[in-house]
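Please walk through this model with attention to the spaces it encloses, to the residues around them, and to a few backbone and surface details.

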Amino acid sequence: MKGRPNIHQNEEIISDAQQVFWKKGYFATSLTDLSKATGAGAGSLYNNFKGGKKELFSRALQQRRVDFRAFKAELDKSDSPVDLIKNFFLNLADADFSSHQKGCIIANTIVEMSFTDEQLESEAAEILKETEALYKSAIEREKENNKLTTAIPADVLAKYLVTFWCGINSLRRLYPDRTILREQIKLHLEILK
């Protein structure tokens, strides 16, 4: 990669780096890994990401936030947002083996950064809290429209879904089997009635 990358190239670098971080984690990812995955030399990476590997990792986390916000927009315009949430979880069962083994970069980061990097842990936690808020909003709307009859408060259900998300990403590593995962996901989603 010659010269200073433009914004589009930086987005590609972040996306490519995210895949490496997602697979290996922050601490196990070397500068060589990042250079190989992105095609950018060490000097280019440091010129464009002044905070080095940590800034690149943080930007990779923020890219996931963009995806969550896109899902929020989809939920906001849906007549059945809880059905979209259920389908999101059910579709996890159909992912390939590699996706099962990677789990969730956000949940992985919270675990990896506990007691080691408060800033990155906090960034990841904020993304999960935003996800919780979008679940809560969707559940409240469905309750108002009498599409959900459960007596469990929306905020409790939203936290439950975040807990389930973190758990299912561990289970995917133990049982990367479509049938097992689909059974477990369906069982957990029965609470949304």
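A cavity, in the sense used here, is a set of grid points where a 1.4 Å probe fits but cannot get out, whereas a pocket is an open set with protein on both sides within 12 Å along at least five of seven lines. The model is a predicted one, and the structure holds 2 cavities of 30 Å³ or more.

The largest cavity contains about 40 Å³ of space, and its lining is made up of L31, L34, L45, Y46, F49, G52, K53 and L56. Two or more of these lining residues come from each of the helices α2 (31–38), α3 (42–48) and α4 (52–77), and α4 gives the most, with 3 residues. In terms of residue class, the lining of the largest cavity consists of 6 nonpolar residues, 1 polar residue and 1 charged residue. Which residue accounts for the polar entry? Because Gly is counted among the polar residues, the residue in question is G52, one of those in the lining. The charged entry is K53.

The second largest cavity holds about 30 Å³ of space, and the residues that line this cavity are K72, L75, D76, L134, S137, A138 and R141. Here α4 and α8 (118–144) each supply at least two residues of the lining, and the largest share, 4 residues, is from α8. The lining of the second largest cavity divides into 3 nonpolar, 1 polar and 3 charged residues; the charged residues are K72, D76 and R141, and the polar residue is S137.

From the cavities, attention can turn to the open spaces. The largest pocket has a volume of about 250 Å³, and 15 residues line it, with W22, R64, F88, L92 and W165 lying nearest its centre. The elements that contribute two or more residues to the lining of this pocket are α4, α5 (81–92), α6 (97–102), α7 and α9 (154–174). Among the contributions to the pocket lining, that of α4 is the greatest, at 4 residues. The lining of the largest pocket is composed of 9 nonpolar, 2 polar and 4 charged residues. Helix α4 therefore appears in the lining of the largest pocket, as well as in the linings of the largest cavity and the second largest cavity.

Helix α7 leads on to the loops. In α7 (residues 105–113), the buried residues are I105, I106, A107, N108, T109 and M113. This helix is followed by F115, which sits in the loop between α7 and α8 and has a positive phi of about 70° although it is not a glycine. Is F115 buried or exposed? Its relative accessibility is 89%, and because the cut-off for exposed is over 50%, F115 counts as exposed. Another residue other than glycine with a positive phi is N146, where the value is near 60°. N146 is placed in the loop between α8 and α9, and at 64% relative accessibility N146 counts as exposed.

Beyond the loop that holds F115, helix α8 contains A124, which has a relative accessibility of 0% and so counts as buried. The C-alpha atom of A124 is separated by 6.4 Å from that of T109, although the two residues are 15 apart along the chain; T109 is itself one of the buried residues of α7.

Helix α10 (residues 178–189) offers two residues to consider, I180 and L189. L189 has a relative accessible area of 5%, and since buried means under 20%, L189 is buried. The C-alpha atoms of L189 and I85 lie 9.5 Å from each other, with their positions 104 residues apart along the chain. I180, by contrast, is partly exposed, with a relative accessible area of 30%, and I180 forms a nonpolar surface patch of about 290 Å² together with L174 and Y175.

Conventions. Residues numbered from 1 in each chain as written. Predicted model: local features only at pLDDT ≥ 70, side-chain atom pairs only at ≥ 80, totals over all residues. Heavy atoms only, no water. 1 Å grid on protein atoms, 1.4 Å probe; cavity = no way out; pocket = protein on both sides within 12 Å on 5 of 7 lines; lining within 4 Å. Points joined across faces, edges and corners; volume = space filled by probe spheres on them. Patch = residues over 30% accessible without salt bridge, like charges linked within 9 Å, V, L, I, M, F, W, Y side chains within 5 Å. Areas by Shrake-Rupley, 256 points an atom, 1.4 Å probe, with all protein chains shown as cover. Salt bridge = Lys/Arg side-chain N within 4 Å of Asp/Glu carboxyl O. Buried < 20%, exposed > 50% of the residue type's maximum accessible area, 1.4 Å probe, protein only.
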